[in-house]
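Let's walk through this protein together, starting from its inside and working out to its charged pairs. Have the model open as you read.

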Amino acid sequence: PGLQAGKFDAIIAQMSMTPKRMEQVDFTIKYKESSSRFVAKKGTITEVTPAALKSKTIGVQRGAAQRTWLEEQGYSNIRHYETTQAVELDLIAGRIDLLIQNTATSSLVFFKRPESNDFEFVGQAIAIRKGDNTLRECFNTAIRAIRKSGEYDAISAKYVPFKLLTEDQ
């Protein structure tokens, strides 16, 4: 509304180019790639499918592309917030089980707060049979080695024009 009312000239805030938004505003070419991730208290969530999170409360910013995606994918128990900060504060306070937001926002803002030390990205990992610690550690060792050697970045750069995994992940 502020853009349309002339209060400012542009919005640079991780705004996704959805068909509905394209009816209301124009967009430039992309200036960066955007991805979203779930964040939860360490060790509390391992699987992020709609079925696995059926009894969990997910926080998301109202009007965000992630909100639409959650609903389209069949997630339930979604709590909407006016700002990303409000979502983050409720996660820290334990009023929600996890949040979903832009990966950069989590990395550059949420995880920089001292009170976020007990939280982690969840999802986008390799599933291993429960209790098969040997196999899990083999995968973890291989993932660490390929990242440390630089081979992971070289392979992803060959196929994807943006960094798939930041050093903090």
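Which residues in the largest nonpolar core touch the most other members?

## The main core

This is a predicted model, so keep that in mind as you click around. The largest nonpolar core has 13 residues, and those touching the most other members are Phe-38, Ile-45, Leu-53, Ile-58, Leu-70, Tyr-75 and Leu-98. Strand S1 (36-41), strand S2 (58-61) and strand S4 (98-102) are the elements that each give two or more residues to this core.

Try putting Tyr-75 at the centre of your view. Setting aside neighbours within four places in sequence, Tyr-75 is in contact with Phe-38, Ile-58 and Leu-70, among others. Its list of contacts also includes Val-48, Thr-49, Pro-50, Leu-53 and Trp-69. There's a second, separate core too, with 9 residues, including Tyr-81, Leu-99, Phe-110 and Phe-121.

## The overall layout

Zooming out, the protein chain has 6 helices and 5 strands. Read from the N terminus, they run α-β-β-α-β-α-β-α-β-α-α. The chain has 169 residues, and 26% of them count as buried.

Among contacts with a separation of 6 or more, 47% are between residues 24 or more positions apart. The accessible surface comes to about 11,600 Å², with 54% of that belonging to carbon and sulfur atoms.

## Salt bridges across the chain

Side chains of opposite charge can pair when their charged atoms come close. Here the count comes to 4 salt bridges. One of them joins Glu-82 to Arg-62, with the closest N and O atoms 2.7 Å apart. Glu-82 sits in the loop between strand S3 (78-81) and helix H3 (84-93), while Arg-62 is in the loop between S2 and helix H2 (65-73), so this pair ties together parts 20 residues apart in sequence. Glu-82 is exposed, at 55% relative accessible area, and Arg-62 is partly exposed at 45%.

Another salt bridge pairs Glu-88 with Arg-113 (3.7 Å, N to O). This one links distant parts of the chain, 25 residues apart: Glu-88 is in helix H3, and Arg-113 is in the loop between helix H4 (103-108) and strand S5 (119-122). Are these two residues buried or exposed? Glu-88 counts as buried, with 0% relative accessibility, and Arg-113 is buried as well, at 19%.

## A pair within one helix

Glu-71 and Arg-67 also meet in a salt bridge, at 3.6 Å from N to O. Both lie in helix H2, 4 residues apart, which is about one turn of the helix. Glu-71 is partly exposed at 38% relative accessibility, and Arg-67 is partly exposed at 24%.

Conventions
Residues numbered from 1 in each chain as written. Predicted model: local features only at pLDDT ≥ 70, side-chain atom pairs only at ≥ 80, totals over all residues. Heavy atoms only, no water. Buried < 20%, exposed > 50% of the residue type's maximum accessible area, 1.4 Å probe, protein only. Contact = heavy atoms within 4.5 Å. Areas by Shrake-Rupley, 256 points an atom, 1.4 Å probe, with all protein chains shown as cover. Core = buried A, V, L, I, M, F, W, Y, C linked by side-chain atoms within 4.5 Å. Salt bridge = Lys/Arg side-chain N within 4 Å of Asp/Glu carboxyl O.
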